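User: Please take a close look at the space enclosed by this structure. I would like to know what lines it and which residues around it deserve a description.

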Amino acid sequence: MVDGRTAGLEPSAAVKVFSAGTAGCVADLVTFPLDTAKVRLQIQGESKPLDGTRYRGVFGTIFTMVKTEGPRSLYSGLVAGLHRQMCFASVRIGLYDTMKQLYSRGADDVGIGTRLLAGCTTGAMAVSFAQPTDVVKVRFQAQVRRPQGESVKRYRSTFDAYRTIARDEGVRGLWKGCLPNIARNCIVNCSELVTYDIIKELILKHQLMTDNMPCHFTAGFAAGFCTTIVASPVDVVKTRYMNSVPGQYSGASNCALTMLVKEGPTSFYKGFMPSFLRLGSWNIVMFVSYEQIKRAVVFLQS
């Protein structure tokens with residue numbers, strides 16, 4: 001734990017951007033198997049499995065993947081995931097306070113509307129240039145590998161995926177699903193950051209905890225729960241659409257309509273438990289890491 005003397009010092013925007021990107025990578029390293037299980041459950045149903053494999057529940061999915069594809073399959077797409085967090089978390093989380101102060105014109109009492117607007121802004125900004133990393137991450141997580149070499153592999157490596165997608169689908173292919181991802185991340189950012197912001201503020205205001213790890217843990221867990229509830233439908237559509245082959249869906253809305261007609265409304269909450277386990281644990285690890293990294297950097301600068 002970093003020295004308490006740094007708690008009252010306000011970190012710069014650059015420190016927040018660096019801390020957010022680093023904390024996002026730490027959280028991804030810890031929770032990536034849950035995210036991979038979530039993706040496999042979300043895409044289940046859009047096509048028939050090649051070997052009859054069915055996934056049941058988050059831990060059943062993880063067990064099945066380890067048994068049939070090997071433990072490395074749980075971290076398929078990790079490199080792209082880390083690329084994503086360095087581009088993505090650094091902007092959407094690191095610039096949130098800056099945008100909040102910009103919209104509130106430096107006021108101390110910031111309303112919920114201003115917080116929501118700041119969350120939407122940084123979420124949309126992050127997606128606009130980090131989308132290729134998300135497309136590659138989802139493609140890797142969805143691709144099935146077999147230990148015996150009977151693999152159904154679309155890409156040999158992370159950088160091969162970037163090249164192949166750009167060559168076969170055009171540069172636009174790297175931004176596939178950008179609009180549903182912007183919609184998802186506006187929702188995620190608002191529910192995640194605003195919930196964390198408000199819960200942490202209330203805890204400190206009523207002196208339930210001090211500004212330290214237990215407070216960050218509690219606020220992070222609440223943020224993860226709220227985010228999972230509101231973001232799951234958009235997240236499932238985003239995953240299906242980004243993983244689809246060219247021509248499978250005419251757009252994100254067509255993807256959502258196809259899911260509704262063929263699989264029913266419950267398909268929008270496929271992978272809900274791994275989503276909650278992943279987002280809850282991701283938020284806890286990320287926010288605790290973020291707060292500590294910020295303090296560590298400020299301490300080193302002082």
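Analyst: The account below goes from the pocket to the cavities, and then to a helix and two loops.

The model is predicted, so local features need pLDDT of at least 70 and side-chain atom pairs pLDDT 80 or more, while totals for chains, interfaces and linings use all residues. Numbering starts from 1 along each chain as its sequence is written, and side-chain values use heavy atoms, without hydrogens or water.

The largest pocket holds about 820 Å³ of space. A pocket here is an open set of points on a 1 Å grid over the protein atoms alone, with protein on both sides within 12 Å along at least five of seven lines; a cavity is a set where a 1.4 Å probe fits but cannot get out, and lining residues have an atom within 4 Å of a point. Points are joined across faces, edges and corners, and volume is the space filled by probe spheres set on them.

The lining of the largest pocket has 33 residues, and E10, D97, K100, D197 and K200 lie nearest its centre. Helices α1 (13-43), α4 (96-104), α8 (178-205) and α11 (272-301) each give at least two residues to this lining; helices are DSSP runs (H or I, at least four residues), numbered from the N terminus. By class the lining of the largest pocket divides into 14 nonpolar, 5 polar and 14 charged residues, where Asp, Glu, Lys and Arg are charged, Ala, Val, Leu, Ile, Met, Phe, Trp, Tyr, Cys and Pro nonpolar, and the others, Gly among them, polar.

D97 belongs to helix α4. With a relative accessible area of 19%, D97 is buried (under 20%; exposed is over 50%, partly exposed in between, with a 1.4 Å probe and protein chains only). The side chains of D97 and K16 are joined by a polar contact of 3.2 Å (N or O atoms within 3.5 Å, one able to donate a hydrogen and the other to accept it; sequence neighbours count only through two side-chain atoms). G119 is 22 residues from D97 in sequence, with 9.2 Å between their C-alpha atoms.

S104, a residue of α4, is buried at 14% relative accessibility. Its side chain has a polar atom 2.9 Å from the backbone oxygen of K100, and the side chain of S104 reaches the backbone oxygen of Q101 at 3.4 Å.

There are 2 cavities of 30 Å³ or more. The largest cavity, of about 140 Å³, is lined by 16 residues, with R84, Q85, R184, R278 and L279 closest to its centre. The lining of the largest cavity has 4 nonpolar, 2 polar and 10 charged residues. The second largest cavity has about 70 Å³ of space, and its lining includes R184, A231, R278 and L279. Helix α9 gives the most to this second lining, with 4 residues.

A231 in α9 is the site of a kink of about 60 degrees, shortly before P233; the bend is the angle between axes fitted to the seven residues ending at a residue and the seven starting there. Helix α9 (residues 213-243) spans only 37 Å between its end C-alpha atoms, where a straight helix of 31 residues would span 45 Å, taking 1.5 Å times one less than the residue count.

Two loop residues remain. R105, in the loop between α4 and α5 (112-142), has a positive phi near 55 degrees though not a glycine, and is exposed at 80%. Q207, in the loop between α8 and α9, has a positive phi near 55 degrees and is exposed at 70% relative accessibility.
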